[in-house]
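Biologist: I am new to this structure and would be grateful for a close look at its interior. Please begin with the space enclosed there and follow the account outward to the parts around it.

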Amino acid sequence: MDFAFGDEQDELRRTVRAFLADTSPETQTRRLMETPEGFDRALWRRMGTELGLQGLAVPEEYGGAGCGPVEVGVVMEELGRALVCAPFLSSAVLATTTLLRCADEDARKRLLPGLASGELVGTLALTEDSARWDATGVQLNARASEGRWLLTGHKTFVLDGAAADVVLTVARTDDGIGVFWVDGNAAGLTRTPLPTMDPTRRQARLDYDDVPATRLRPGHGDGWDLVSQVLDRAAVALAAEQVGVASRALDMAVEYAKVRHQFGRPIGSFQAVKHLLADVLLEVESARAAAHFALLAAANEDPELPAVASLAKAFCSDACLQATAENIQVHGGIGFTWEHPAHLYLKRAKTSQLLFGDPAYHRELLARRIGLDTVTAEGAA
């Protein structure tokens with residue numbers, strides 16, 4: 001595959017970066033991460049109505065722009081650079097992708113216009129106490145009763161779960177796993193914000209006590225096939241965000257190495273610092289290539305997307321964590337202080353590393369998806 005951003009995608013990047021520089025400086029990030037919701041709903045609506053960011057991947061018939069994963073990846077990268085407090089990953093990626101990949105036209109017509117405009121915030125509730133990202137971890141029960149579905153159990157680590165208007169919930173039924181649409185204010189649903197390492201990305205525990213729900217038609221395959229497709233595309237989008245986080249951390253380190261003097265010269269002139277920054281640059285650019293390749297695979301509906309998504313998520317997670325950690329090292333003592341933003345980028349890198357499965361999980365998943373686990377088992381036999 002050949003990958004290069006076009007003029008429209010470059011213009012999208014410039015527009016989003018300028019918008020975020022004006023509306024989401026560090027002071028705004030620090031203010032929002034102390035608020036109950038963790039984001040500004042007025043700004044969220046502006047992102048939807050003025051820039052159309054939440055609706056980039058939504059077809060025009062549902063009020064979107066009719067673009068695709070590449071454009072969403074551009075936005076995710078810029079959101080990562082600015083460390084924006086907004087439910088873009090949960091709503092514009094997880095919830096929107098679930099609706100786009102399912103076969104439920106009624107749900108799309110009812111929910112996508114609101115998600116695209118920013119009037120609604122959505123999320124996908126999948127993980128439970130086991131923190132597993134596979135079908136085994138789904139234990140929340142869904143049962144049919146008098147012509148409707150009722151959900152009982154709980155979900156945890158749900159991105160923006162306390163603020164979401166639309167909660168797409170993965171549950172286990174008598175005939176397998178299903179995905180259910182739950183109103184955020186439904187009777188019997190209790191939402192509890194969770195303390196998190198990264199205060200810029202909120203999570204919540206959701207308790208379901210016979211919560212009424214509508215089951216989505218999954219399309220080809222069963223409910224878990226739908227969830228698996230969503231997770232692969234979400235991993236690709238998150239990889240793009242990790243590139244943005246890592247790139248900004250590298251820029252911060254380079255800028256500081258130029259102005260911080262020791263022994264009468266910039267610390268960036270010392271060989272140890274130069275080698276450290278060169279290693280980080282190599283990792284960041286390699287991660288960028290992996291993420292962009294995965295975005296193109298998602299846009300082209302490439303059959304190799306599952307393998308490519310795991311590869312990108314594993315590599316970008318490691319690169320992002322390295323870049324943000326080394327940024328603190330270059331800054332020295334000041335990099336460890338609360339007042340400096342370096343720790344915020346490190347916290348985002350660490351939590352993103354675990355989100356949708358850590359690098360070890362995705363390397364194992366990659367091996368299975370390309371058949372290496374079978375080869376190894378046959379060789380051992």
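**The enclosed space and its surroundings**

Modeller: In this predicted model, the lining of the largest cavity is made up of 10 nonpolar, 3 polar and 6 charged residues. The volume of this cavity is about 140 Å³. Its lining comprises 19 residues, of which Val84, Ala86, Pro87, Thr200 and Arg201 are the closest to the centre. Two helices, α4 (69-82) and α5 (88-101), are the elements that give two or more residues to this lining. The largest share, 3 residues, belongs to α5.

A search of the whole structure finds 3 cavities of 30 Å³ or more. The second largest has a volume of about 100 Å³. It is lined by 13 residues, and those closest to its centre are Leu94, Leu124, Leu126, Trp133 and Phe356. By class, this lining holds 11 nonpolar and 2 polar residues, with no charged ones. Strands β1 (122-125) and β3 (148-159) each contribute at least two residues to it, and β3 provides the largest share, with 4 residues.

Strand β3 leads from this second cavity into the surrounding strands. It runs antiparallel to strand β7 (residues 203-215), to which it is joined by 9 bridges. Within this pairing, Leu159 stands opposite Gln203 in β7. Strand β7 has further partners. Strand β6 (residues 189-193) is also antiparallel to β7, with 5 bridges between them, and there Leu189 faces Tyr208 across the pairing. Strand β5 (residues 176-183) pairs with β7 in the antiparallel sense as well, over 2 bridges; Trp181 stands opposite Thr214 in this case.

Charged contacts also involve these strands. Side chains of opposite charge can pair when their charged atoms come close. In β3, Lys155 forms a salt bridge with Glu128, with the closest N and O atoms 2.8 Å apart. Glu128 lies in the loop between β1 and β2 (141-145), while Lys155 lies in strand β3, so that the pair links parts of the chain 27 residues apart. Lys155 and Glu128 are both buried.

A further salt bridge reaches β7: Arg143 meets Asp210, and their closest N and O atoms are 3.0 Å apart. Because Arg143 belongs to strand β2 and Asp210 to strand β7, this pair ties together parts that are 67 residues apart in sequence. Arg143 counts as partly exposed because its relative accessibility is 35%. Asp210 is likewise partly exposed, at 33%.

Salt bridges occur between helices too. The side chains of Asp318 and Arg363 meet at 3.2 Å, N to O. Asp318 is in helix α9 (residues 305-331) and Arg363 in helix α11, so this pair ties together parts 45 residues apart in sequence. Asp318, at 31% relative accessibility, is partly exposed, and so is Arg363, with a relative accessible area of 45%. Elsewhere, salt bridges that share partners join Arg13, Arg17, Glu77, Glu78, Glu285 and Arg288 into one network. The count of salt bridges comes to 30.

Helix α11 (residues 359-369) also has a buried side to consider: Pro359, His362, Leu365, Leu366 and Ala367 are buried. An α-helix has 3.6 residues a turn, so residues three or four places apart point the same way. Just after α11, Gly371 adopts a positive phi of about 85°.

Definitions and conventions: Residues are numbered from 1 along each chain as its sequence is written. This is a predicted model: local features need pLDDT of at least 70, side-chain atom pairs count only at pLDDT 80 or more; totals for chains, interfaces and linings use all residues. Side-chain values use heavy atoms; hydrogens and water are left out. On a 1 Å grid over the protein atoms alone, a cavity is a set of points where a 1.4 Å probe fits but cannot get out, and a pocket is an open set with protein on both sides within 12 Å along at least five of seven lines; lining residues have an atom within 4 Å of a point. Grid points are joined across faces, edges and corners, and a volume is the space filled by probe spheres set on the points. Ala, Val, Leu, Ile, Met, Phe, Trp, Tyr, Cys and Pro count as nonpolar, Asp, Glu, Lys and Arg as charged, and the others, Gly among them, as polar. Two strands pair if DSSP finds at least two bridges between them. Buried means under 20% relative accessible area, exposed over 50%, partly exposed in between (1.4 Å probe, protein chains only). A salt bridge is a side-chain nitrogen of Lys or Arg within 4 Å of a carboxyl oxygen of Asp or Glu.
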